[in-house]
Every structure is written in C-alpha cells, then in structure tokens.
Amino acid sequence: MTTMSVKAAMPANAPANSPANAPRRRPWWRRWIVRPRVLVPVSLVVAAVLLCQFVLMPRIVRDRVRAVLDAAGLPRATFRVARVTLRATDIRDLRLGPDHHVDHVRVQYAVADLWRGRVDRVILTGARLSADPAKLPMKPRTPATAASNVPPPPPATAPAAGLDLPLNDIELRDCALILADARAVPVRGQVGRSGPWYWFDLHSAAKGDRLSASGKVAQSLRHGSAEMEGSLAGELIDSVVRTYAGAPAAGIDGALTGGVRVSWDAGGVDARGKLEVLARQAGEASAAKLLVSAGVFEGVGHFDAISRPTVTISARGAALATPELSAQGVSGTVTLIDFAPPATAPRQVLAAERLKVGDLEFANGSLEFEVTAPGDVLVRQTRWDWLGGSVAATDVRLAGAGGPVSLTLHARQLELSRLLELFAPEKASGQGKISGDIPVTIDGARIEFGSGQLSALSGGQVQIKDAAAILPSAEAAARARADSPSQAQQIKRDITEALGDFEYDQLSARLENAPAGGGVVARVRMKGRGRTGARQRINYELNVNRIDHLLKSYLGVQEAINASQPPAEAPQASPALQPPAEAPQASPAPHEPPATRAAGKEAS
C-alpha cells in the first residue's frame, strides 16, 4: 500500500503580503489586559476598592454613626451596619433605648455630598419610638469643669437663627409612636427641603382614626404655615394628653373631626380652625372631669410679641357633662384675652337649651360671665326656666383658688303643681304660682341653704293625699275645740275633708336653719277653706325638718348628704291641731266649726 501526501499549491502569481501568507494574531484583550504590567495594577485597584467597600467603609460608617449618637446623648445605642456602597448605607436593628427601636435605616448619598458632610435621603422603616417624654433615651452630657485660674473663653458669635439639616429628604415608612398607655399611633410621610424652605407631609391612619399634617417652614423659622385635618377618637386624644400633660381636665366623649390652620411671620402667629364633636364611637369612657359629646367649635386667634394674645371661640349645639351636671345645646362666643392666668373680655354670654343637676332639669338658660386676671369667674347673671317659672342669680364670684361660693336663687312664678309633683308626688298636689328667694352656699361638695322665703302672690288649691298627715291635725283640733264627742268627730271630718281639697288665699314657706345643726326647717303656712262639704276655714301650719336633706338628694350631692347628720328616717311631717293663737276671722255658719289653726310639730 502506497502513502501519498497532498499539499495545496499556491498560485504562482500570489503576492507575498497576501492574508493567506500573514501570521495569525491574538485577541485584543489578551494583548492589552492579560499582561503582567497591566494585570497587576488592575488587580491592586480592584483589591483596594473591595477592601474599602467591605472593610474600611463599614468601619468608617460605624465610627461616624457612633460619633453622631454620642453627640446626641445616646452612648448606649446599638446598631448593625448591614451594607455599605458608594451610593447608600443600610443600618439594621438601631436600638436607641428600651422603648426606641428602628428596624432599618437606609441612607442615600452621592460622593460629592459626602465630601460636604451631607446626605441626600434618609429612609426609616419599622421605627417604634416612645412618645412619653419620661422615656427619652437621651442622657445629658456633663461639661468638663474648667480650672479656677483659667479665664473663661470669650463669648462665641451667636449662630444665625435657623435650621440647617444635613440632608435633603426624610421618609417614614411603617413607623409608629407609642403613647404612655401602650397605644400605637402609625406615622408615615416625608420631610424635605426645597431651596430656603422645609416642607412636610405626614399622615396617620388606624382603626378609624386619621390625621394629616402638611405645610412649609422657612429655613430661618420666621415664616411658615401648617395645616392639620382629620378625625380622631376621644380615647386617642385622651391618651395623647395623658402622655404629655398627665390626667386631662377635659375629654372628648366621641370623635373629633375638622381642621386647623396656623401661619406665622414677622407680624405674629395667626390660627384658625373648625372642629366638630361627633357621636360617641365604641371604646372606653374617658375619665376626664369635663366631657364634650357634641357640638361645633370654631376658633380664631392671634399672637404677637407686642399686644396681648386674643382667641375667640364660638360654640354651637355643644353638649357638656361632668359627674355633677350636664348641659345640652350650649351656644355662644367666648373671647380670651390672656392665658396665664386665663382671662376673658367682659360680659361673655353663653346659652343652653337644657341643664341637668342631679334630678333637677332646667331649660332655656343664659349665662353672662367674665374671667378676671386672677383666674376668678364672675357670673354677672344667669337665668333658667324651671317648673313653669324661672330661677335666676346675679353677681356670683367663683374664686380661682377655690373656697365657698355664696348666691341667692331668685324663684319667680313656679307652678305649685310641678313643684309638688317633683318633691312630694305621693304627699300632695295643687295648683298656683309661688315666688321667693333662697340663699345657698356651696363649698366643694357641701351645699348649705340659708333662711329664705317662698310665697304665693294669689290664691290656689292644694290637695293633701297623705291621710296619715291630715289625721293628727284633725284630732288635735277636735280635742282643742269640741265640747262633745260628736262635735269632735264632726270637726275631725270637716278638717280632713278641707285639707283633702283645700283652697288657699295665702300660702308661704319660710326656710330657717334649726339650732344645734338640725338642718333647714321648712315652715309651710296656708290660710283658706275647703272647697267641698262644710268648707271649713283653716289656718294650717306645717313644719318639716331637714328639708335640705331632700334638696341635696335631688341635686345628687351624696358627699354633702353623708357629711351632714341625717335623721334616722326620711323627713316627714307630723302636724297637730291647736286652737288658733289669733282671733277668729269672720264668724262661721251655724253648721261650721270655728276657724282652726294647725301648728305642725317638727318631724323627726
């Protein structure tokens, strides 16, 4: 077998520099990169970048964050630098204290910004910060004490007033403020910078509560405006007040909705707002002393450094309540001219559709008052519809430091039927009008009634329903006037019949303070005759002890009742009949016994 070799023959006329005759060339990356004098410097640069990013920069960032926290008074704060690049840094598990924790802090920046000591944006995610001032984690730093022989340094030039944050934007994501009662208030939004202005847009929304706040503030802080609007439950407002100011003196029994706008410049601060209290939502009742459960409130205020502040608040259809009283349909305008202590302009007027004190209800009332500089409240006059007539008081001073309050209640044209229906529905009924004055002294929970007088200006009728109260009076009169048993029975029947349906010409009730702490005695006296039967003419006087006990029970002043010395049983009348101390009036008819006077003995 013969082996043959074949060789391609080139054309005889092919040029020497033909591609076919050229040697094969290496790729460019092998010629320029994979060379010792190129590969070694590049490797060194890459190693330096990796060393800077993963070793040096985390350490620099860690030291810088630690220095910032120490300067802020947070030497015990802990954190973890998770990632550092030339564009952003991620910090995890930032714990400023037991009640302050941030899951993630992302800081975005440019290299040029870092050289100027600024960052572009900070994003906080999952922050849970306590709003209680008592739980702030910052610890004040104690400055080093200078040696006594070293002169104090010259005063430094005061820095320019204003705010210069070393960043352009802060964003809050899934953050919350924790109030003193562990209630969490979610917060999200942004705070940014645009030229010489800082702007903010914050929101909160959870369980039906919503609140948004937006506005802008000049870098100098001398100009700006802010708006807030939303709807908050009274329980949340109560929690916020408790967090910053302790137990509140007032609360919202429902939800508060509306908005407030505040603006300020070189001329002062102007504020305007409109708030409405809506029907109560589900939740715990507020423990505040004063509860507002309805109403529309509008306010306008101005504050400056030259004139006194003025705030005007108008209310419409407000409903207020305290443990002692409640008021419905309160309307009016109040102008405050000072705050420390609070003071109002003279003769402020409020009106109310209904006022309830204990079991007593008043209607269509008005109150003219003013708050003086020491904090005292001077009630010029107040008037209320009550029992078909009216009650009023004038010139009542309520001391801001506390103390007893003395006033005189002026009752005019009260309906006797409604008065008896309120205080003695099972004892008596009647028709007529009575008027009079009753002195009252209020000292905290104690209410004392002074000597007063109530009287009927015209005739009327009284029907005594309690037969047990009539019978002793009739028997006493029969024993005093009768000459025989049959006459005694007739007198007793006539008096019983007369007091069961009595027509009076004169009726008066005098309130007197009994000696030895016996309370207030009501001495009721009627002059008239029976409307049916023998029409027996009678001068009837009934003494009732401890009438103040009855009045206090209707006012719901339990402390005052317990502090007094009540009788063993409820106050009741035990009248007895005696011969009249005065001469008989017109001679009676032949079938009519002489005129008789009933002198009531003091009830036990």
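**Exercise 1.** Does Val42 count as buried, partly exposed or exposed, and at what relative accessibility?

Solution. The model is predicted: local features need pLDDT of at least 70, side-chain atom pairs count only at pLDDT 80 or more, and totals for chains, interfaces and linings use all residues. Residues are numbered from 1 along each chain as its sequence is written, and side-chain values use heavy atoms, without hydrogens and water.

Step 1. Set the classes: buried is under 20% relative accessible area, exposed is over 50%, and partly exposed lies in between (1.4 Å probe, protein chains only).

Step 2. Val42 has 44% relative accessibility, so this residue is partly exposed.

Step 3. Place the residue: Val42 belongs to helix H2, residues 36–71 (helices are DSSP runs of H or I with at least four residues, strands are runs of E with at least two, both numbered from the N terminus).

**Exercise 2.** Classify Glu368 and list its contacts.

Solution. Step 1. Strand E18 (residues 360–371) contains Glu368.

Step 2. The relative accessible area of Glu368 is 14%, so Glu368 is buried.

Step 3. Contact means heavy atoms within 4.5 Å. With neighbours within four places in sequence left aside, Glu368 contacts Arg347, Gln348, Val349, Leu378, Val379, Arg380 and Gln381.

**Exercise 3.** Determine how far helix H8 is covered, and which of its residues Phe449 touches.

Solution. Step 1. In H8 (residues 547–555), seven of the nine residues are buried.

Step 2. These are Ile547, Asp548, His549, Leu551, Lys552, Tyr554 and Leu555.

Step 3. Not counting residues up to four places away in sequence, the residues touched by Phe449 include Asp548, Leu551, Lys552 and Leu555.
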